[in-house]
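Subject: Structure for you to look at

Hello,

I am passing on the structure we talked about. Please open it first, then read the notes underneath.

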Amino acid sequence: MENTGRPPQILTAHRAGLIGCTQCGKVHHPGTARCGRCGAALARFNTASLQRVWAWLIAGLVVYVPANLYPMLRTTQLGREYDNTILGGVLELMHHGDIGVALIVFLASIVIPVSKFVAISYLALSIPHRVRLPSHRRHLLYEVVEFIGRWSMIDVFVVAILSSLVQLDFAATIRPGIAAASFALSVAFTMLAALSFDPRLIWDEAD
Amino acid sequence: MTATKLPFAASSDVGDLIACPTCDALLHERPVAVGETARCPRCHTVIEAPRALAMTRIIMLALSALILMVAAIFFPFLELEAAGMIRRSSLLDTVMAYSGGLTEPLTIVMAALIVVLPTTRFLGLLYVLAPMAFGWHPARHAAPVFRFVELLRPWAMAEVFVVGVAVALVKVGGLAHISLGPAFWAFVALVIVTVLKDNFMSRVTVWKTLDARRRS
Ligand SMILES: [Zn+2]
Ligand SMILES: [Zn+2]
């Protein structure tokens, strides 16, 4: 391992002709189907896994559209019905002066999902194409996406709590709208897209 | 806690090597002392972080989480008071909020994310780690159970739910007076316990312990 001015080249299990287990790190000879330590299926990583990422991502994007168009909440007050979409709910919270909470909902329901679509697409595109962002930055992006994705589920929980609390015996009733279901699906699909992405691909650059 | 960089690998016996689970870098495996944190020199992912009495602490925390979950289910969760009427809502009411109509499948999803999956994780961890804490051989099928526990990790969303409760409280704030029931505090405690537990656990360390105990 002589230093020739460039950053030290790190040998990967893949380049050494071996397979590393993504669960427990144990190194195996090629041709081994299952890890001897943890029993996980072993696979040499390849870009074919990106197809699964794209499939989940597109599915998530498709169901994210109705999630924004249809009502998330149906409020009946004094015989009148109001529908609230995701964005409508945020605006209403701002109207009441709850800026902090409006910001949480806005972040969880709009900013995080949209940036997740962009970030996962960027990561998936950065594998076959050369991009300027270095590997460690893209790896950080991947970790953020993986960590933050589940927090988008907040609004689905909020709708459930509101509907269980504000029932028929009050002047107002809150019922969940169909958008809650498609939003939950969208969060699940994008989480699956992030989970299907193999971070080893980020580091495997031909050089 | 000092970060330790594992040295790069030359070519040697496969048994002495470990591949970074995140970036596939090939590293020499060496014993990591208790309290030390071994990170991958390339992607800086924590590979091993053995802690004193980690297994015992994890099973204690998983056990308390289970008890707290039972409390959270059976005690009133939120209490809403408006126009002289009081409505109590339990965790189960919240789960059932989506029943009826087109959102029916969300009932199962809610039950899974808030109650079933976190509980399954706690039970699975107890099953896998309790024999480790006592110094016994691993339980039957401990490996697939632990794989399953790790698979469930992103889908157990108790902490997300707690933030959801906070947001909901502010939303109804103007409409009625709301008080938090004992179940809510049990659930908050459960979230704290879960986060503590996940901090004690390093996946590779658990796998190596399971492996070592099986052979001896
Ligand atoms: Zn393994
Ligand atoms: Zn690494």
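The notes below cover the metal sites, one chain at a time. Please keep in mind that this is a predicted model.

Chain A

Zinc ion (ligand 1) is held by the SG atoms of Cys21(A), Cys24(A), Cys35(A) and Cys38(A), at 2.2 to 2.3 Å. The angles among these four donor atoms run from 102 to 116 degrees, and the site is tetrahedral. For four tetrahedral donors the ideal angle is 109.5 degrees. Along the chain, the donors of ligand 1 are spaced C-x2-C-x10-C-x2-C. Cys24(A) sits in the loop between strand E1 (19–20) and strand E2 (27–28), while Cys38(A) sits in the loop between E2 and helix H1 (49–69), so this pair ties together parts of chain A that are 14 residues apart in sequence. Cys24(A) is buried, with a relative accessible area of 0%, and Cys38(A) is buried, with 1%.

Chain B

For the zinc ion (ligand 2), the protein donors are the SG atoms of Cys20(B), Cys23(B), Cys40(B) and Cys43(B), lying 2.2 to 2.3 Å away. The site of ligand 2 is tetrahedral, with angles of 105 to 114 degrees among its four donor atoms. The donor spacing in sequence is C-x2-C-x16-C-x2-C. Here Cys23(B), in the loop between strand E2 (17–19) and strand E3 (26–28), and Cys40(B), in the loop between strand E4 (37–39) and strand E5 (46–48), link distant parts of chain B, 17 residues apart. Cys23(B) is buried, at a relative accessible area of 1%; Cys40(B) is buried, also at 1%.

Regards

Methods:
Residues numbered from 1 in each chain as written. Chains lettered and ligands numbered in written order. Predicted model: local features only at pLDDT ≥ 70, side-chain atom pairs only at ≥ 80, totals over all residues. Heavy atoms only, no water. Donors = N, O, S within 2.8 Å, 3.2 Å for Na, K, Ca; no water. Tetrahedral: all angles 85-135°; square planar, octahedral: opposite > 155°, others 65-115°. Helix = DSSP H or I, 4+ residues; strand = E, 2+ residues; numbered from the N terminus. Buried < 20%, exposed > 50% of the residue type's maximum accessible area, 1.4 Å probe, protein only.
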